[in-house]
Amino acid sequence: MATWQDRPRCDEAPSWAPLLAHAQRAFTGKDAFDLRAGFAADAQRAARFSFEAPHVRADLSKNLIDAEAQRLLTKLAHECGLESHRDALLAGEPINASEQRAVTHVAWRNWAPATAESAPAALYSIADWRAQMLTLADAVRADEAITDVVNIGIGGSDLGPRMVVQALSAAQATSGPRVHFVANMDGHELAALLRQLRPEQTLFLVASKSFGTAETMRNALSARAWYQAQGGADVARHFVALSANPTAARAFGIERCLGFDEGVGGRYSLWSSIGLSIAIAVGREGFEALLAGAHAMDRHFAETPLARNLPVQLALLDLWYRNALHLASRCVVPYLHGLRALPAYLQQLEMESNGKRVDAHGRTVPFATAATVWGQAGSNGQHAFFQALHQGSDVVPVEFVLSATAAHSLPEHHRKLLANALAQARALMMGQPGDAPERHFPGNRPSTVLLLPDQSAQSIGALLALYEHRTFALGSLWGINSFDQWGVELGKRHAGEIENALLSPDADACAALDASTAALVGWLRQG
Ligand SMILES: O=P(O)(O)OC[C@H]1O[C@H](O)[C@H](O)[C@@H](O)[C@@H]1O
């Protein structure tokens with residue numbers, strides 16, 4: 001069995017060639033696998049491809065996959081040493097090699113490393129950091145003078161907390177202050193919000209792991225300038241930093257900083273102090289329930305054999321579609337208004353984690369990596385892009401995310417919503433012969449259903465941990481380090497150079513730019 005350091009990449013494993021050969025033989029050409037025939041031939045198909053994990057049931061049976069593909073994929077995962085890599089992640093070993101550090105987001109949901117010696121020192125501070133965060137959340141919720149909380153952050157310091165607050169406030173009446181989010185460098189977002197706020201009633205949370213991200217620093221400076229211009233005189237009370245870099249937060253002028261360790265990647269950080277906005281919105285119990293749901297999924301990932309392990313089986317399906325059937329995108333449709341931000345959250349989680357063309361050893365990989373993830377809430381999407389899903393020229397696997405129950409008191413809505421989701425999945429698969437070509441639905445189009453029992457904090461926590469582990473497992477099979485993101489750096493460097501060119505009255509300021517960028521800067525200077 002390969003150790004996590006020297007495990008083979010998927011294309012080096014013995015089952016890789018048979019897997020691709022099986023795809024070629026059974027899933028292409030005129031006798032290619034057909035879902036309708038697959039169900040007709042196998043009475044057990046729905047059960048065979050259904051999985052149970054904490055708070056999530058998954059029906060993978062309407063996917064373009066058969067028992068042999070599933071067998072080869074699971075064998076491939078064993079051959080690639082996925083279990084030892086997973087165990088290294090959970091033990092707090094330094095698996096993020098390019099940044100020479102452990103990956104600690106699981107420890108933030110009470111995962112205790114197997115051996116104390118293998119745990120990085122940061123793990124022992126987590127309980128303290130969390131206690132501070134929950135105490136502050138309690139205090140803010142109890143403080144009647146604070147009516148509005150604004151989380152200023154971007155990327156992982158925005159998407160996860162924003163989505164969870166939306167999801168949990170859609171499902172339960174919250175009693176704390178209103179919680180807002182500002183991410184964009186575009187001043188319209190902040191300016192529109194500030195118009196609704198009163199400085200003495202507002203608490204700003206400046207959320208940034210690095211405390212150096214351009215958008216967040218710009219928004220925080222403008223928020224502070226607004227606060228002071230409105231007569232606010234107590235920056236120390238009205239601004240809190242959430243950061244792994246408290247020195248930079250203090251240098252910025254924010255004394256109160258809730259910390260966390262560098263091992264928490266930005267897109268994995270909602271469980272850490274970055275989640276303060278969530279704890280303020282749903283309270284201590286709600287936040288702890290979120291962690292408990294994620295922890296239950298962590299246990300499932302750690303303990304369930306690969307053949308029944310839901311994050312692993314989803315990752316294998318992703319690999320099958322991307323590398324064996326060459327499908328370039330996946331559509332995610334949450335039939336949950338509260339989870340309408342899920343596609344945007346997954347774009348960062350999956351495409352920033354696995355959108356890489358070299359493996360962890362620096363070798364260019366000879367296969368495709370992260371698919372494009374896209375989508376929007378159902379049923380809205382039915383009236384937009386579902387036309388292309390049913391009749392377009394590309395086959396796009398669709399992921400339906402549903403909740404069995406709703407927290408509102410409009411039962412007819414929920415029944416119709418669920419019926420629509422199941423109807424779309426069924427229609428994609430069944431298709432329909434048309435009396436005219438434009439009325440013909442080819443069918444045999446794949447989909448997955450992920451079903452939550454409810455929209456509780458536990459269920460949302462479990463769902464997000466499921467996606468995190470799926471992303472890690474897929475990156476692991478591809479031999480990729482899913483925890484760095486060097487690809488975002490180059491654009492940031494150019495932005496500084498171009499801002500200088502925009503500012504400078506001197507024509508030479510564009511001399512170092514390419515002709516297209518220089519011309520665009522010229523137009524912008526003219527207004
Ligand atoms: O939390 P911060 O340090 O401000 O980073 C915010 C975001 O920006 C970076 O450029 C990365 O691409 C993201 O992974 C990160 O979540």
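This text leads the reader through the domains, a sheet and the ligand shell of a predicted model.

The domain assignment divides the protein chain into three parts. Domain 1 is assembled from residues 11-28, 48-80 and 304-478, domain 2 covers 105-281, and domain 3 covers 487-525. The centres of domain 1 and domain 2, taken over C-alpha atoms, are separated by 32 Å. Where these two domains meet, 18 residues of domain 1 are in contact with 15 residues of domain 2. On the domain 1 side, the elements that give two or more residues are helix H14 (342-354) and H17. Of these, H14 gives the most, with seven residues. By class, this side of domain 1 has nine nonpolar, six polar and three charged residues.

The description now turns to an open sheet. Its six strands follow the order E1-E2-E11-E10-E8-E9, and their pairing is mixed. Strand E1 (50-53) and strand E9 (372-374) each have a single partner strand, so they stand at the edges and one side of each is left without a neighbour in the sheet. From one strand to the next, the twist averages 15°.

Strand E2 (residues 56-59) can be followed outward in both directions. With E1, E2 pairs in the antiparallel sense over four bridges. Within this pairing, serine 50 has aspartate 59 as its bridge partner, and alanine 53 has valine 56. E1 and E2 form a hairpin with two residues between the strands, and there histidine 55 takes a positive phi near 65°. With E11, E2 again runs antiparallel, here joined by three bridges. Aspartate 59 stands opposite valine 449 in E11.

How do the side chains of E2 point along the strand? They alternate: Val56 and Ala58 point to one face and are buried, while Arg57 and Asp59 point to the other face and are not buried. This follows a general pattern, because in a regular strand the side chains alternate between the two faces of the sheet.

A helix also belongs to this picture. Helix H17 (residues 457-478) packs on the sheet, where H17 touches E1, E2 and strand E11 (447-452). The direction of H17 makes about 50° with that of E2. H17 is also among the elements that give two or more residues to the side of domain 1 that touches domain 2.

The ligand remains to be described. There are 14 residues around the ligand, and those that come nearest are Gly155, Gly156, Ser208, Thr213 and Gly266. The shell around the ligand has nine polar, three charged and two nonpolar residues.

Terms used
Residues are numbered from 1 along each chain as its sequence is written. This is a predicted model: local features need pLDDT of at least 70, side-chain atom pairs count only at pLDDT 80 or more; totals for chains, interfaces and linings use all residues. A residue is near a molecule or strand if its C-beta atom, placed from the backbone, lies within 6 Å of it. Ala, Val, Leu, Ile, Met, Phe, Trp, Tyr, Cys and Pro count as nonpolar, Asp, Glu, Lys and Arg as charged, and the others, Gly among them, as polar. Two strands pair if DSSP finds at least two bridges between them. Axes are lines fitted to C-alpha atoms, for helices over the stretch in contact, and angles run from 0 to 180 degrees between N-to-C directions. Two residues are in contact if their C-beta atoms, placed from the backbone, lie within 7 Å. A residue is buried if 20 or more other C-beta atoms lie within 10 Å of its own, exposed if 12 or fewer, and partly exposed in between; C-beta atoms are placed from the backbone. Domain bounds come from an automatic or database domain assignment.
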